[in-house]
Amino acid sequence: MDAHAPSTRPAIETARDGETMTVRFIGDWTVGSARGAEAAIGALGSTPPKRVIFDLAQIGRVDSMGAWVIHRERGRLEYNGRLVDIANMSDQLSFLLREIESHVPQPQERERRPYLFVRALMETGRTMTMVGHDAVALLSILGVFGLRLATAFTAFHRLRYISILSHFDRTCRGAVPIVMLMSFLIGVIVCQQAGFYLRTFGADLYVIDLAGVLILRELGVLLAAILVAGRSGSAFTAEIGSMRMREEVDALHVLGLDPVEVLVVPRLIALMIAMPILAFLSDLAALVGSALVTWAYLGIPPDLFIQRLKEVVTPLEFYIGIAKAPFMALIIGLIGCVEGLKVGGSAESLGRQTTSSVVKAIFLVIVVDGIFAVFFAAVGI
């Protein structure tokens, strides 16, 4: 067909002979005449005879739109039980119909969901597998950290002092206000609640015993660790994860540098130094809050509070709390760095791993604190 021939509107002529109907396609079936093609194809009706012949001899210009309309109508008739034959088809139209048939999407099969009990078992298995992989990753990074730390202490020039001081400033000095504020409020709440109940038994003075032992031994370091996990642990994951997304970690490999030595070791050293300091400040703020509440709510003056605190609390209680701090810092730092190294190339992955870092760090910090409590109780401390 001449490409410069005048355009003719698409039309359909039908001729019926018994149980056979011939459908002649006339005119140009192109995207420019799509509306006319749809109107013309509607003339076939919904109840053609058993056999239908598409006569395409009088088709002028045709493109993929026209071929698709013909293919769609043929499929509709065959779906309704009619036998459809195509006659007098040009090479161009034959090619277009073959391409359309080869690119028709297959119907998606509905996936069968297992029973609820089976799904629960599958989810449990996936969770346990994920926990196992996380444990292996943590132990792997811990081993590399120990090796790099030993190497750094035998060759001091490999320690990145500026990086350590920078991370120490951000994890310690930057966290002091929020840690002390939260610890102060927790100390106030603990003493107020304890005083409310103990006062009914005339045991106001024992509020000091409870606050001193609870804060110095458990509450101060645990609260500081939870806040650090939410603040510094998530920051470690976000920083390293962003470097993974920008392929900066791969660039370190190309430069011949060890990412663990460059990224993980300084952060862990800084956090392990900062955590005991934050735990000490947390204890101090919580005791100040407790002293103020016992003075204002129970009428116990600060000098009596300090005197009673010296009588019932030994330095061992303080040392037990501070001794937990480096281990909690190690756990928080390891989880934050491991989750950061697991980030993929999307912002969704970064957000998911950051959330996972905070949740896992807080969970393991509480678990470790419980293990320490059981251990110290077993040895009689």
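Visitor: Is Glu 247 buried or exposed in this structure?

Guide: In this predicted model, Glu 247 counts as exposed, because its relative accessibility is 54% and the cut-off for that word is over 50%. Glu 247 belongs to the loop between α7 and α8 (248-254).

Visitor: What is the sign of phi at Glu 247?

Guide: Most residues other than glycine have a negative phi. Glu 247, which is not a glycine, has a positive phi near 65°. This residue follows α7.

Visitor: Which other residue, not a glycine, has a positive phi, and where is its place?

Guide: Asn 88 has a positive phi, near 55°. Its place is in the loop between β5 (83-87) and α3 (91-102).

Visitor: How may one judge the span of helix α7 against its number of residues?

Guide: One multiplies the rise of 1.5 Å by one less than the number of residues. Helix α7 covers residues 206-245, which are 40 residues, so it should span 58 Å. The C-alpha atoms at its ends are 55 Å apart, which agrees.

Visitor: Where does α7 bend, and by what angle?

Guide: The bend is at Ile 215 and amounts to about 60°.

Visitor: How should I read the pairing of strand β2 with strand β1?

Guide: One asks for the direction and for the bridges. Strand β1 (residues 11-17) and β2 run antiparallel and are joined by seven bridges. Among the bridge partners are Ala 15 and, in β2, Thr 22. The two strands form a hairpin with two residues between them, and there Gly 18 takes a positive phi near 65°.

Visitor: In what sense does β2 pair with β3 and with β4?

Guide: With strand β3 (residues 51-55), β2 pairs in the parallel sense over five bridges; Val 23 stands opposite Phe 54 of β3. With strand β4 (residues 59-62), β2 also pairs in the parallel sense, over two bridges. There, Gly 27 has Ile 59 of β4 as its bridge partner.

Visitor: How many residues of β2 are buried?

Guide: Strand β2 spans residues 20-29, and seven of these ten residues are buried, leaving the strand mostly covered.

Visitor: Why does His 167 count as buried, and which residues is it in contact with?

Guide: The word buried applies under 20% relative accessible area. His 167 has 7%, and therefore counts as buried. Its place is in helix α5 (residues 161-171). Apart from neighbours within four places in sequence, His 167 is in contact with Glu 239, Pro 266, Arg 267 and Ala 270.

Definitions and conventions: Residues numbered from 1 in each chain as written. Predicted model: local features only at pLDDT ≥ 70, side-chain atom pairs only at ≥ 80, totals over all residues. Heavy atoms only, no water. Helix = DSSP H or I, 4+ residues; strand = E, 2+ residues; numbered from the N terminus. Bend = angle between axes of the 7 residues up to and from the residue. Buried < 20%, exposed > 50% of the residue type's maximum accessible area, 1.4 Å probe, protein only. Pairing = 2+ DSSP bridges. Contact = heavy atoms within 4.5 Å.
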